[in-house]
Amino acid sequence: QLSKRLSAVAEFVPNNQVTADIGSDHAYLPCYLVLAKKTVKAIAGEINEGPFQAAKKQVEKNGLQHVISVRKGDGLSVLQKDEATCITIAGMGGSLIKTILEEGKEKLGKVERLVLQPNIHAIEVRKWLIDNGWELEGETILEESGKIYEVLSAKRGNAMKPYEALPFEAALLMGPFLLKEKNNVFFKKWKHELSHRKDILRQLEQSNGNEQLMQKKEEIKKVIEIIE
Ligand code: SAM
């Protein structure tokens with residue numbers, strides 16, 4: 001059975017896609033998508049040998065070799081041009097997700113949907129989507145085994161549309177859909193983030209700083225203001 005986190009990613013994958021799951025590890029997600037008939041064909045990309053072998057094993061175990069191609073390589077380099085129509089990238093930091101998308105831009109030609117699950121720094125992903133004309137069409141926040149995860153789904157369109165009528169800096173940091181919804185998990189996350197940042201600020205204020213430290217303090221203060 002798929003984890004709650006990966007189920008939330010799968011929810012955003014439209015039907016009848018050719019889905020590339022990048023950083024697939026055990027290929028649980030592409031196996032699920034094919035078995036649930038959400039995806040007609042999938043590619044599981046992995047950069048590391050261990051997870052690549054794990055993905056191959058899982059695909060063979062499910063007898064899905066004819067519909068899931070497991071490939072070893074960095075990011076979107078495993079894809080042919082115009083091959084995928086949906087890309088999922090889950091369980092990595094936002095900065096790495098952003099790098100993978102930026103370096104693989106020429107593979108996005110036929111891609112209609114990006115479903116991204118950054119473990120941290122989702123703001124980096126939101127910024128990349130805006131800069132590249134991808135419109136967020138939905139977001140989910142969920143808790144599983146004591147950890148909080150965000151899932152972002154984007155299509156091509158008006159990248160600024162979801163941010164209209166919202167405080168931009170806050171929506172970029174917390175997610176426009178999540179900020180509007182403000183569910184319990186959202187409150188839990190940002191309450192924790194606020195107290196964490198206040199702790200850091202208190203520690204920094206005890207040391208008299210050089211310019212770099214002063215800058216860091218100002219950055220944290222700005223984020224605290226946004227969250228509060
Ligand atoms: N996507 C799965 C999930 O969400 O459960 C696995 C997440 S796992 C924490 C991250 C995986 O991404 C690792 O297996 C790692 O080898 C792979 N990875 C990291 N950087 C990568 C890159 N540039 N290209 C492809 N895979 C990468």
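Two strands count as paired when DSSP finds at least two bridges between them. In this predicted model, strand S1 (residues 17–22) and strand S2 are joined by six bridges and run parallel. Within this pair, Val-18 lies opposite Lys-41 of S2.

The pair belongs to an open sheet of seven strands with mixed pairing, in the order S3-S2-S1-S4-S5-S7-S6. Strand S3 (68–72) and strand S6 (134–144) are at the edges and have a single partner strand each, so one side of each lacks a neighbour in the sheet. From one strand to the next, the twist averages 15°.

Helices H3 and H5 pack on the sheet, as set out below.

| Helix | Strands touched | Angle between directions |
|---|---|---|
| H3 (residues 49–61) | S2 and S3 | about 165° with S3 |
| H5 (residues 122–131) | strand S5 (113–118), S6 and strand S7 (147–156) | about 5° with S7 |

The ligand has 17 residues around it, and those that come nearest are Gly-23, Asp-25, Pro-51, Ala-90 and Gly-91. Two or more residues of this shell come from each of strand S2 (39–46), strand S4 (86–92) and helix H4 (94–103). The largest share, three residues, is given by S4. Sorted by class, the shell around the ligand holds eight nonpolar, six polar and three charged residues.

Strand S2 thus appears in several parts of this description: S2 is joined to S1 by bridges, is touched by helix H3, and gives residues to the shell around the ligand.

Terms used:
Residues numbered from 1 in each chain as written. Predicted model: local features only at pLDDT ≥ 70, side-chain atom pairs only at ≥ 80, totals over all residues. Near = placed C-beta within 6 Å. Helix = DSSP H or I, 4+ residues; strand = E, 2+ residues; numbered from the N terminus. Nonpolar A, V, L, I, M, F, W, Y, C, P; charged D, E, K, R; others polar. Axes fitted to C-alpha atoms, helices over the stretch in contact; angles between N-to-C directions. Contact = placed C-beta atoms within 7 Å.
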